[in-house]
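Hi everyone, thanks for coming. I'd like to walk you through a few spots in this structure, so let's put it up on the screen.

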Amino acid sequence: MDDLIRNIAVYALPVLFAITLHEAAHAYVARYFGDNTAYAAGRMTLNPLVHVDIVGTIVIPIALYLTTGFVFGYAKPVPVDFARLRNPKRDMAWVALAGPGANFIMALMWLIFAVVLVAFGVGEEFPHKVAQAGLIVNLLLFAFNLLPIPPLDGGRVLTSMLPTRLAYQFARIEPYGFFIVLALLFFNLLSFWVGPVMMFGRMLLQLIASPLTLLLS
């Protein structure tokens, strides 16, 4: 029980901010490109409580951790009316990329935090574990959401890039996207996408942070 409480304490903030700021980023970029739907609904905010989904943000991550050791969750999806965007087909990609982009930036912040902890000789184990959890959770969300299956962000990006006729046909699988993802997870095929994308993301983060790492070493 003590281990469970410690692990919840380690992952609580990283998971909460990773999935809620992901949604807030969608709202900010949607408004920038002309859609005020999320703003009008009060979702264009950095307040995590506005984005929390009791099941997806709290129940599912804890249940997954208890049963599999794997931590994952989601927040309330931000409402976006793509028809209101100034250039719906093009701007859809930018709105979609905002979420994974936010996770990438947060992963970078957690990596920098970890580097600073080491540089200043912080011996307490807890902040190091929180920094590592923040890095892993955000890289996981970054990779998972870029999966090119609608309604995931990667699916919307691919829809935006395809010619109009193909984009329309591809978008028609969106109602079945959740079941496709579940099937990939069930047959252990999701790791063939998530693993390499996470690895690439981590290498890129380390490259970006390398000047600071060298400066503080």
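**Three spots to look at**

Let's start with threonine 20: a polar atom of its side chain lies 2.6 Å from the backbone oxygen of leucine 16. Keep in mind that what you're looking at is a predicted model.

Where does threonine 20 sit? You'll find threonine 20 in helix α1, which covers residues 2–32. And is threonine 20 buried or exposed? Its relative accessibility is 1%, and buried means under 20%, so threonine 20 counts as buried. What does threonine 20 touch, if we leave out residues up to four places away in sequence? The answer is Pro48, His51, Val52 and Ala75.

OK, now over to the surface. There's a nonpolar patch here of about 690 Å². The residues making it are Ile8, Ile54, Val55, Ile58, Val59, Ile62, Leu66 and Tyr74. Which helix gives the patch its largest share? That's helix α4, residues 54–68, with 6 residues.

Let's pick one of the patch residues, valine 59. Valine 59 lies in helix α4, and its relative accessibility is 44%. The partly exposed class runs between 20% and 50%, so that's where valine 59 goes.

Last stop: valine 116, in helix α5, residues 88–119. Valine 116 has a relative accessible area of 28%, so it counts as partly exposed too. Now look across to serine 217. Along the chain, valine 116 and serine 217 are 101 residues apart, yet their C-alpha atoms are separated by 9.7 Å.

That's my tour, thanks for listening!

Note on methods:
Residues are numbered from 1 along each chain as its sequence is written. This is a predicted model: local features need pLDDT of at least 70, side-chain atom pairs count only at pLDDT 80 or more; totals for chains, interfaces and linings use all residues. Side-chain values use heavy atoms; hydrogens and water are left out. Patches are made of residues with over 30% relative accessible area and no salt bridge: like charges are joined within 9 Å, nonpolar side chains (Val, Leu, Ile, Met, Phe, Trp, Tyr) within 5 Å. Accessible areas come from the Shrake-Rupley method with a 1.4 Å probe; for residues, only the protein chains shown count as cover. A salt bridge is a side-chain nitrogen of Lys or Arg within 4 Å of a carboxyl oxygen of Asp or Glu. Helices (H or I, at least four residues) and strands (E, at least two) are DSSP runs, numbered from the N terminus. Buried means under 20% relative accessible area, exposed over 50%, partly exposed in between (1.4 Å probe, protein chains only). A polar contact is a pair of N or O atoms within 3.5 Å; within protein, one must be able to donate a hydrogen and the other to accept it, and residues adjacent in sequence count only if both atoms are side-chain atoms. Contact means heavy atoms within 4.5 Å.
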